[in-house]
Amino acid sequence: MEVSPEAAMVNHGFFPKDPWKDAWQFILPTLASKLLGRKTPWDQVDEVRTLLELYLKTVDTPEQYRLDEAGIEKTWPRMREMLRHNRGMTKLMLDHGHQSRIVYPYILQGAQAISLEVFFGRAFDLTGEFVAFPINEMAAYYAVWEPIGVFIRERVAYAQFLLSRPHLKVLTCGAGFCPEYRLNGFPARALQHNVIAVEEDERVFDHLNLVYGCDPKELGITYLLSRVENVYCNPLYHNKFDVVMAQGLLSYYRDIGSNRRTVELLAGLKQLLKPGGRLVCDLQAMEPTLIRCAECMGWQSKLLPDWTAKSAIRRMKKACQKAGLVLTDIKVDSRNRTPCGVMFTLQRPEKA
Ligand SMILES: C[S@@+](CC[C@H](N)C(=O)[O-])C[C@H]1O[C@@H](n2cnc3c(N)ncnc32)[C@H](O)[C@@H]1O
């Protein structure tokens, strides 16, 4: 999909705003619901459906917009409850979310690896089909401007730089759909890497061929349904990999006030690397649109971002020291006004 920021702005009348102002107008009403129990009035809840149907009637055929039992009618009772208990979510749907075939099912689906595909132009639509959405779809706005999406694309490019040598043996942890091997015209076939992709979420396995457009094995990628811990505790995998990737993973391993789980994970991943091998990873930072996604768009997960990019770097430096890894590169998300995260390259010393 080709989505230029300019086209998204023209089509949807959106202009980049101050992310704090943009996000808090939704976060605050959500907090009012969650902390103070302020429910959305029913008339506002039902207006969401009215506006959505009006929008769909202008852009789709009845087969496409599916107001029947197989479509919105089936999911509406659940959505109605969610909107009732989340004023920020209702505001988002009333303000602009109703002008979309993607935002509604996206909210219902919640956080899962496949949801990240929205930043690469694909998502489930109202009929339950996974589609490449066109530029005149509201989700294109999110795909282009959403700071987290911008960061995710940057971290893909960051990893691809390191992966550009041929014949690497690679382990990717919390692999999701390995965007590094699919985007930016990455020459996955030509490089002939041997990749093991470790993922604990079974749902990812249901969509592999759909997302890759082929069997990932054709690109040298073998999926393993497992937790990362099981892999690094298995001596069969020790000292085997040129590159280990943990993109979007480390922020699941943060405890407030302690670096213990992060150090444990890094020390475990280090064992998988050959001496001199590299680990590519990132830490996410607290950022208003991330809070908006979590609180107003149903992205509940165990991810715990660092407070700021600076504190993420400080924490990573300490964790590397403890885990016996050398921090060879740090790149702060440079495209967003408030950085969404920091990318790191760590190296296992040649001599342990
Ligand atoms: C934020 S997504 C990132 C996916 C992919 N690496 C990317 O950059 O698009 C994190 C993924 O890690 C997976 N995950 C989280 N903890 C895991 C663990 N301990 N072992 C294996 N997978 C894990 C989740 O299921 C999810 O698919």
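A residue counts as buried here if 20 or more other C-beta atoms lie within 10 Å of its own. By that yardstick, helix α15 (residues 288-296) of this predicted model has Thr289, Leu290, Arg292, Cys293, Glu295 and Cys296 as its buried residues. Just past the end of α15 comes Gly298, with a positive phi of about 70°.

Zooming out, the protein chain splits into domain 1 (5-145) and domain 2 (147-347). Their C-alpha centres sit 28 Å apart, and the contact draws on 24 residues from domain 1 and 27 residues from domain 2. On the domain 1 side, the elements that put in two or more residues are α2 (19-36), α6 (87-97) and α8 (139-145). Of these, α2 gives the most, with 7 residues. Sorted by class, this side of domain 1 comes out at 18 nonpolar, 5 polar and 1 charged residues.

One of those contact elements, α6, is worth a second look. Because 8 of its 11 residues are buried, α6 is largely enclosed by the rest of the structure. The buried set is made up of Arg87, Gly88, Met89, Thr90, Lys91, Leu92, Met93 and Gly97.

Next comes the nonpolar core. The largest one has 96 residues, and the members that touch the most others are Ala139, Cys173, Val244, Ala246, Leu269 and Leu279. Both domains take part, with at least three residues coming from each of domain 1 (5-145) and domain 2 (147-347). Val244 shows how this works at the level of a single residue: setting aside neighbours within four places in sequence, Val244 is in contact with Leu171, Cys173, Leu269, Leu272, Leu273, Gly277 and Leu279.

Leu269 also turns up in helix α14, where the buried residues are Thr262, Val263, Leu265, Leu266, Leu269, Lys270 and Leu272. These buried residues pack against β3 (169-173), α13 (228-232), β6 (241-246), β7 (273-284) and α16 (309-323). The length of the helix checks out too: at 1.5 Å a residue, the 13 residues of α14 (residues 260-272) should span 18 Å, and the end C-alpha atoms are 19 Å apart, which agrees.

As for the ligand, 17 residues surround it, and the closest are Ala113, Gly174, Gly176, Asp201 and Gly248. By class, the shell divides into 9 nonpolar, 4 polar and 4 charged residues.

The loop between β3 and α10 (188-191) holds Cys178, and Asn184 has its place in the loop between β3 and α10 as well. Cys178 has a positive phi of about 40° although it is not a glycine. Asn184, again a residue other than glycine, has a positive phi near 60°. Their surroundings can be read from the neighbour counts: Cys178 is buried because 28 other C-beta atoms lie within 10 Å, while Asn184 has 11 such neighbours within 10 Å and is therefore exposed.

Asn184 leads on to helix α9 (residues 147-162), the home of Val156. Leaving aside neighbours within four places in sequence, Val156 is in contact with Pro179, Glu180, Leu183 and Asn184. With 20 C-beta neighbours inside 10 Å, Val156 counts as buried, since the cut-off for that label is 20 or more. Along the chain, Val156 and Trp145 are 11 residues apart, and their C-alpha atoms are separated by 16 Å.

Two more residues round out the picture. Glu202 lies in helix α11 (residues 202-206) and is exposed, because 8 other C-beta atoms lie within 10 Å. Glu202 and Leu225 are 23 residues apart in sequence, yet from C-alpha to C-alpha they are 6.9 Å apart in space.

Thr308, for its part, sits in the loop between α15 and α16. Its 15 other C-beta atoms within 10 Å make Thr308 partly exposed. Not counting residues up to four places away in sequence, Thr308 touches Ala285 and Met286. Glu73 is 235 residues away from Thr308 along the chain, and the C-alpha atoms of the two are separated by 42 Å.

Conventions:
Residues numbered from 1 in each chain as written. Predicted model: local features only at pLDDT ≥ 70, side-chain atom pairs only at ≥ 80, totals over all residues. Core = buried A, V, L, I, M, F, W, Y, C linked by C-beta atoms within 7 Å. Buried ≥ 20, exposed ≤ 12 C-beta atoms within 10 Å, placed from the backbone. Domains from an automatic or database assignment. Contact = placed C-beta atoms within 7 Å. Near = placed C-beta within 6 Å. Nonpolar A, V, L, I, M, F, W, Y, C, P; charged D, E, K, R; others polar. Helix = DSSP H or I, 4+ residues; strand = E, 2+ residues; numbered from the N terminus. Expected span 1.5 Å × (residues − 1).
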